[in-house]
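Me: I'm new to this one and would like a slow walk through it, with a close look at one part. Please start with the general layout and then zoom in.

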Amino acid sequence: MRALDRKMLRDLRKIWAQVLAIALVLGCGVMVLVGAQATQATLIQTQAAYYERHRFADVFAGATRAPSDVVAAAALIPGVAQAEGRISFQAVLDIEGMAEPASGRILSLPAAGPALNLPLLRHGRLPDPDRADEVALSEPFAEIHGLTPGSRLRGVLNGQMRDLTVTGWVLSPEFIYTMPPGAMMPDDRRYGLLWMNAAAAAAAMDMSGAVNDIALRLTRDADERAVIAALDQLLDPYGGTGAYGRARQVSHAFLDGELQQLGAMAAFMPPIFLIVAAFLVNMVLGRLIALERTQIGLLKALGYGRAEIAGHYLKLALLIGVIGVVVGWGFGWWIADAMIGLYGDFFRFPFIIRDWGTHALVVSAVLGLATAVLGGLRAVWSSLKLPPAEAMQPPAPPSFARGAADRVLGALHLRQTTMMIFRSILRWPGRAAITLFGVSASVGVLVMSYFIFDAVEQLGDSVFQQANRQQVTLMLAQAQPDAAVQDALTLPGVLRAEGAFAMPVRGVNGHLSRLTAVQGHFPDAQLSRLVDDAGRVVTPGPHGVVLPEMLAHALDIRAGDTLRLEMLAAPRSVLHLPVTEVIRQGMGQEAHISAAALFAAMDIAPQVNMIHLAVQSDRMADLNAAIKETPAVAGLSDWAEVRRQFDATLSENLLTMVGIYTVIGVLIAIGVVYNAARIQLSERSYELASLRVLGFSRAEVGYVLVGEMMLLTLLAIPLGWGLGYFLAMGLVGAMSTDMFQIPFHITRRTFALAALAVFVAATGSVLMVRRRLDKVNLATALKARD
Amino acid sequence: MIQDTPTLPVFRAEGVTRVYQTGAVKVWALRGVDLSLTEGEMVVLLGASGSGKSTLVNILGGLDLPSGGRVFFRDTELSQATDRQLTAFRRDHVGFVFQFYNLVPSLSARENVALVTEIARDPMPPEEALERVGLAHRMDHFPAEMSGGEQQRVAIARAIAKRPDVLLCDEPTGALDSKTGIQVLDALYEVNRDLGTATVLITHNASIQRIAHRVVVLADGKVVRDDPNTDRVLPAQVSW
């Protein structure tokens, strides 16, 4: 090994703690990039393979009742490779050992075996075509209830209570993410899927020779929009509820949203770490070169060329980069494994096709090494400019001169040790700025990650405390006259009942259209209300519709414009209504109108198809029992349960993510403050030792070192808050999907927590460096000049 | 300090040894030094490089502890003192002047002196200390704006501003040419004469011994000569 290389390795060993601190920051960037991209790539591959192997359909449509031969007609639409029809309906389920009713969606299995959306049998067998009472259950639902093959459950099918026998457990590419209708979160305990043979389903629902659910598989070059339009036209006479592509299929859309968020994370976070790491390399290498200036002079005197000397220090920078990249790869893989495990369980992929993220490895390595080298360039350049004779002299004392700032400082009558702190910052503003930037970046990352809690809390508050204050919502099997609300009051424990009416619609503005629902709001509703993100209760006026921002945006429509609403259920009216208001609503997808205006426009009598209930908490069991025996009810939402699911799902996933970000944020703070303090100590050990000689105590001398770092930390905190504000805003943009927008509101608690975490990390780091001050030998420190 | 009892001992060193262990090698810097210093006295400490001068002064000044023997400052035994006690001792009783000045570059001359007066018990105003060393007109200059001699005089002003009992100077003229060196010696001489501060002055330069009350010579970690100087002259009369 060449002597210079040996020197490099020894230099590296000498500053190992600083190198490690930089490598960890750099590694965080690499880790997030590799972890998120490997996870994303794996999930995308797994999803694609799952879809392919189980022939996940491309276009979906519902109808009230269509003759079976529309399926053959649909197969003839240009671009359609395959068409399949089935019967699908909601049912209330009664499961032994479960007080409240569950609900489920029953899907018919064609006698010849399904051609699209193939169910994957995990356990047991599929229902026998000759047995009318057999069902296969979705695995998560069956697993939670221990409904093994042979177990029995009861279901209200078309108003009739039926005994059903379980034959097996099934997974389906159609229901990777299973959302109960009207819910916000999957709820495997209270909602399941049941596959039943076609003849039995048709008999139960009185649908012989008819279908109400159609799926299409398209050819490679098909025009999805044209197919959807043709299918809509085909189903229109049969109560078609609007065809849609994968993008609007709930399970697919949520999975895609998750994948999109992973991509956003991979693009969004690493640059912050890489920039901080570049500055740190610059700082540390700059100091090392300053310390070695006499050696550089000597090397030059010995005949080493500029390129060799520059190469020597750049190699050191590169080595720091290599350590960071390797550390990042290791943790990235580890994180990817953990995340793939989490997602795999959550989505219940039957298999995982691991993608090692080779692309991410290469990109992260290039970025990581480039970061280290770019960070080192300026420091290396300064070493080259020194003529050898000058380089071999000790550096001139740093020059301080009086400026405007000194007059201000002078007027403050500060102690001289405090003055030293201020002068040091003023004398090296660039270095102070790097520390400031680094620490504020860590505050920013923490604000951004804790903000996620705020967002979820606000979402929860808005949905559960403001908008939906009912304990239970009953979904009626069919619309009923509004007198049904009075009947609901007679159910056990019901304190208040309010009707609601919703109908599937297609919103149309010019060439843009969107499948959604319209909600009719009754006057004086107290339980379920329309609330915007600011917590304001919105009451739709007597004319016109209120739209949430996302829907208005999708339709490119503004208040004052006219919206065409095509009702997708009988009597299939087409309304033209003015948009009276566009409101901010993170989860809002539906159009809102006063019930009276809706009924008048549709020319129908007042009716309800949902009833919201306020219930005495100790009578819930009685209510549940009564509802199980009420055929008019097709399903129900227990909002306490919905809230529990919401909190459980989010808190599990969020805690992991926020935990990782906290570690990352704190690592940046440690990396920056530790390095800055070490450099301070190295540059000023002579000066600080002098103070000790003059009779200053360890604490007083420590104050100069700790004081400067803590002052910078305190200054960085408000900057970090500002940075965090913008990062959170960017995150909202990157994470928002078509289905939902994160509300943007950061609480004081988040700002305070971020500041506290960074303050503690910075204090710990600087105190670690301060301890080295105790080890400085006073007598030798004064003799030795750099 | 009032110089009414000129023979009272300020420092007393008894059989002081100091061994440095570097790896397997033991280096004996001091091999049993006995020495006392009385108030108001100016002692020049002569000796070749490595003779133990700096080690002795560091021990007297509370920067280092002896490996063996005892050191007293008045009635206090320094050789048994804790770090905290040594810090207090330096703060209250000792002024140091070093070859390389050891000024804080980010503080002006006045502020460098104020650094000490802010923590001392009975300091003189920084302006007075700087006036004594002839720098009244350079008070607001930063170290980088001053010559070596000026920087050393600021260091002397900083050392005397706390009215120390003893001034320990390690090669104070070592980095200076003879003209500025003599200005610095002048300052030390006047402080010793006017304030009665006991002064120990380490030097390589044998000519400087002529301004002392007493000359102590060290060789190989031992005192080999300790004689009063009967023929004391002013710094201006010294040349090298």
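Which domains does the domain assignment of chain A give? After that, please take a close look at strand 6 of chain B and what it pairs with.

Reply: Sure. Keep in mind throughout that this is a predicted model.

Chain A first. Its domain assignment lists four entries: domain 1 (1–55 + 247–383), domain 2 (88–206), domain 3 (407–467 + 640–786) and domain 4 (494–615). If you take the C-alpha centres of domain 2 and domain 4 of chain A, they sit 32 Å apart. An unreviewed UniProt entry also marks transmembrane regions in chain A, among them residues 268–290 and 316–336. In the model, residues 268–290 of chain A are 96% helix and 0% strand, with end C-alpha atoms 35 Å apart. Residues 316–336 of chain A come out as 100% helix and 0% strand, and there the end C-alpha atoms are 30 Å apart.

One residue makes a handy landmark in chain A: A:Thr64, which belongs to strand 1 (residues 59–67). Leaving out neighbours within four places in sequence, A:Thr64 has contacts with A:Asn212, A:Tyr238 and A:Gly239. A:Thr64 counts as partly exposed because it has 15 C-beta neighbours inside 10 Å.

Now over to chain B, where your strand lives. This chain has 6 helices and 10 strands. Its radius of gyration is 17 Å, close to the 18 Å that the globule rule gives for 240 residues, so chain B is as compact as a globular protein of that length. The C-alpha trace of chain B spans about 50 × 45 × 40 Å along its principal axes, and 51% of the 240 residues are buried. If you look at contacts in chain B between residues at least 6 apart in sequence, 71% of them join residues at least 24 apart. According to an unreviewed UniProt entry, residues 11–237 of chain B are covered by the annotation "domain: ABC transporter". That stretch of chain B is 29% helix and 30% strand.

Here's the sheet that holds your strand. It's an open sheet of 6 strands in chain B, in the order 6-7-8-3-9-10, with mixed pairing. Strand 6 (94–97) and strand 10 (222–228) of chain B each have a single partner strand, so they stand at the edges and one side of each is left without a neighbour in the sheet. On average, neighbouring strands of this sheet are turned by 15° against each other, direction ignored.

So who does strand 6 of chain B pair with? Its partner is strand 7 (residues 166–170) of chain B, and the two run in the parallel sense over 4 bridges. Going residue by residue, B:Gly95 stands opposite B:Leu167, and B:Phe96 has B:Leu168 as its bridge partner.

What about the faces? In a regular strand the side chains alternate between the two faces of the sheet. For strand 6 of chain B, B:Val94 and B:Phe96 are on one side, B:Gly95 and B:Val97 on the other, and all are buried, leaving both faces covered.

Helices come in here too. Helix 5 (residues 148–160) of chain B lies across strand 6 and strand 7 of chain B, at about 170° to strand 6. Helix 6 (residues 178–195) of chain B also packs on the sheet, touching strand 3 (42–47), strand 7 and strand 8 (198–203) of chain B. The direction of helix 6 makes about 155° with that of strand 8 of chain B.

Methods: Residues are numbered from 1 along each chain as its sequence is written. Chains are lettered from A and ligands numbered from 1 in the order in which they are written. This is a predicted model: local features need pLDDT of at least 70, side-chain atom pairs count only at pLDDT 80 or more; totals for chains, interfaces and linings use all residues. The radius of gyration is taken over C-alpha atoms; the globule rule is 2.2 Å times the number of residues to the power 0.38. A residue is buried if 20 or more other C-beta atoms lie within 10 Å of its own, exposed if 12 or fewer, and partly exposed in between; C-beta atoms are placed from the backbone. Two residues are in contact if their C-beta atoms, placed from the backbone, lie within 7 Å. UniProt positions are given in the numbering used here, feature names are shortened, and annotations may be inferred rather than shown by experiment. Two strands pair if DSSP finds at least two bridges between them. Axes are lines fitted to C-alpha atoms, for helices over the stretch in contact, and angles run from 0 to 180 degrees between N-to-C directions. Domain bounds come from an automatic or database domain assignment.
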